[in-house]
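Trainee: Got a minute? I'd like to go through this one with you.
Mentor: Sure, pull it up and ask away.
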Amino acid sequence: MKFFYWISQTKIWESVFRTKLPISTNLDRALVIFNSLSLHIHPIKVRERAIKFTYTFYLGMISFFLFLVLTITGILLMLYYQPAIPNAYENMKDLKYVVSNGNFLRNMHRWSAHLMVISVFLHMLRVFFKGAYRPPRQFNWIVGVVLLIITLLLSYTGYLLPYDQLSYWAVTVGANIARYVPLIGEELSFLLLGGNNIGEYTLVRFYVLHCVILPAFMVMLIAFHFWRIRKDGGLL
Amino acid sequence: MNDDKINENNSEENVPKICRRKFLNTMGNTATGIVLLGGLGVTLDFLKPNVILEIPKEFKVGPIDSIQPNSVIYEPEQKAFVVRDEQGSFYALSAVCTHLGCTTKWNASGIGGNPKAIISCPCHGSLFNKKGELIQGPAQRGLDKFRLRLEDNQLVVNTSEIVSDEEMILKT
């Protein structure tokens with residue numbers, strides 16, 4: 001304890017954390033939250049009922065936590081995966097049978113992805129039935145819907161990456177659905193697949209979408225979503 | 001009051017007055033807009049591959065003497081059925097389901113208790129007869145028919161030429 005106290009009084013600690021320790025007043029407590037980048041997404045004051053489990057079922061935070069798990073496991077999976085034919089399928093099989101704990105990692109990624117779709121959807125239901133989309137929160141509802149769409153697109157693009165029969169036909173069907181879009185359908189499908197059929201280009205395109213473009217949008221929108229909750233007066 | 005007078009003067013002379021700030025802003029925004037639009041166009045162009053390694057549109061089957069009447073040849077690469085009917089004439093069908101693009105299967109004795117349902121799609125259960133005509137959805141239309149021609153006793157199928165029911169038959 002004495003050691004931590006000593007650390008908290010050093011110049012280095014002070015330069016990182018602006019709040020003077022020890023905390024004694026309510027103002028100090030509020031300042032801890034206020035002065036920290038990672039904590040300041042919380043409102044300075046929280047209503048007691050908003051922390052109750054049955055109020056939100058923590059669905060938003062569960063979704064965010066699953067996104068973190070997916071990011072970490074996904075980055076690790078990238079180390080053993082090449083988005084090429086036939087490497088992709090072989091790498092996926094290697095992850096299952098050759099790489100230490102590879103199967104665990106892959107399953108964690110897979111199950112988290114399934115759970116994230118479920119939790120994001122339930123989160124939407126919770127917000128809907130509580131009427132938390134009403135003014136002034138209309139725009140955050142829209143952001144939430146975009147986040148749901150990105151979640152689904154991440155699932156869809158990730159589906160091709162193992163490059164087995166299931167992936168191939170699921171993405172064929174998906175690309176043909178895109179083809180039904182009026183006027184730009186053909187073009188859209190061609191851009192998505194990088195050709196008329198699924199091939200090398202498709203795999204790389206889906207890989208880049210899955211690992212770079214969609215997660216980047218996701219992170220930005222999640223940050224905005226959280227910030228907006230706080231600005232609109234906390235959870236409802 | 002002064003402002004009003006100046007405006008009146010302007011309207012009388014009917015010369016639109018652009019100040020330096022507005023001029024520079026317009027120029028700058030226009031230039032940025034052009035560059036952004038150009039960048040978007042160039043990027044879209046970049047995203048469309050110019051060379052795609054896909055199998056040729058034309059392929060050959062034969063010699064025709066070795067193909068029995070009332071038989072079918074499935075070309076997995078081209079996803080096409082080449083059929084010789086009882087009368088000995090030929091036609092070629094695309095094996096790609098018109099619903100959402102899965103590859104259909106030829107079942108010689110029919111499927112699901114329907115002897116006419118020769119071609120079935122594994123994805124969503126569309127059924128077609130042996131001429132590729134729709135029996136059961138979710139597909140909305142029959143299978144595509146390819147143009148066939150005879151060349152040195154061999155059949156040449158062109159998968160880029162989709163023809164009507166009358167044109168698809170090649171009599172021998």
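Mentor: Start with strand β9 (residues 145-151) and strand β10 (residues 154-163) of chain B, which pair in the antiparallel sense over seven bridges. Keep in mind that this is a predicted model.
Trainee: What is the bridge partner of B:K145 in β10(B)?
Mentor: B:V163 is.
Trainee: Which salt bridge does B:E161 form?
Mentor: B:E161 pairs with B:R147, and their closest N and O atoms are 2.7 Å apart. B:E161 sits in strand β10 of chain B and B:R147 in strand β9 of chain B, so the salt bridge ties together parts that are 14 residues apart in sequence.
Trainee: Why is B:E161 called partly exposed?
Mentor: Because its relative accessible area is 31%, and partly exposed covers the range between under 20% and over 50%. B:R147 is partly exposed too, at 29%.
Trainee: How do the strands of the open sheet in chain B line up?
Mentor: There are six strands, in the order β1-β10-β9-β4-β3-β2, with antiparallel pairing. The edge strands are β1 (58-61) and β2 of chain B, and each pairs on one side only. From one strand to the next, the twist averages 30 degrees.
Trainee: Let's look at β3(B). How many of its residues are buried?
Mentor: Five of its five residues, which are 80-84 of chain B. B:A80, B:V82 and B:R84 point one way, B:F81 and B:V83 the other.
Trainee: Where do side chains go in a regular strand?
Mentor: They alternate between the two faces of the sheet.
Trainee: And what joins β3(B) to β2(B)?
Mentor: Five bridges, with the two strands running antiparallel. One pair is B:I73 with B:V82. The two strands form a hairpin with four residues between them. In that turn, B:K79 has a positive phi of about 55 degrees.
Trainee: What about β3(B) and β4 of chain B?
Mentor: Five bridges join them, and they also run antiparallel. Here B:F81 stands opposite B:L93. Their hairpin has five residues between the strands, and B:G88 takes a positive phi near 95 degrees.
Trainee: Back to charges. How many salt bridges are there over all chains?
Mentor: Nine. Some are linked: B:E58, B:K60, B:R149 and B:E151 belong to a network of salt bridges. Another is B:R141 with B:D144, where the closest N and O atoms are 3.0 Å apart.
Trainee: Which side chain does A:D232 meet in a salt bridge?
Mentor: That of A:R228, at 3.6 Å from N to O. A:D232 is buried, with a relative accessible area of 15%. A:R228 counts as partly exposed at 22%.
Trainee: Switching to the surface. Which residues make the nonpolar patch?
Mentor: The patch is about 710 Å², and A:I41, A:V46, A:I51, A:F53, A:F57, A:Y58, A:M61 and A:I62 make it. Take A:M61: its place is in helix α6 (residues 59-78) of chain A. A:M61 is partly exposed, with a relative accessible area of 44%.
Trainee: Last topic, domains. How is chain A divided?
Mentor: Into domain 1 (1-40) and domain 2 (48-231). Their centres, taken over C-alpha atoms, are separated by 37 Å.
Trainee: And chain B?
Mentor: Domain 1 is 2-47 and domain 2 is 58-168. For chain B, 61 Å separate the two domain centres.

Terms used
Residues numbered from 1 in each chain as written. Chains lettered and ligands numbered in written order. Predicted model: local features only at pLDDT ≥ 70, side-chain atom pairs only at ≥ 80, totals over all residues. Heavy atoms only, no water. Patch = residues over 30% accessible without salt bridge, like charges linked within 9 Å, V, L, I, M, F, W, Y side chains within 5 Å. Areas by Shrake-Rupley, 256 points an atom, 1.4 Å probe, with all protein chains shown as cover. Salt bridge = Lys/Arg side-chain N within 4 Å of Asp/Glu carboxyl O. Buried < 20%, exposed > 50% of the residue type's maximum accessible area, 1.4 Å probe, protein only. Domains from an automatic or database assignment. Pairing = 2+ DSSP bridges. Axes fitted to C-alpha atoms, helices over the stretch in contact; angles between N-to-C directions.
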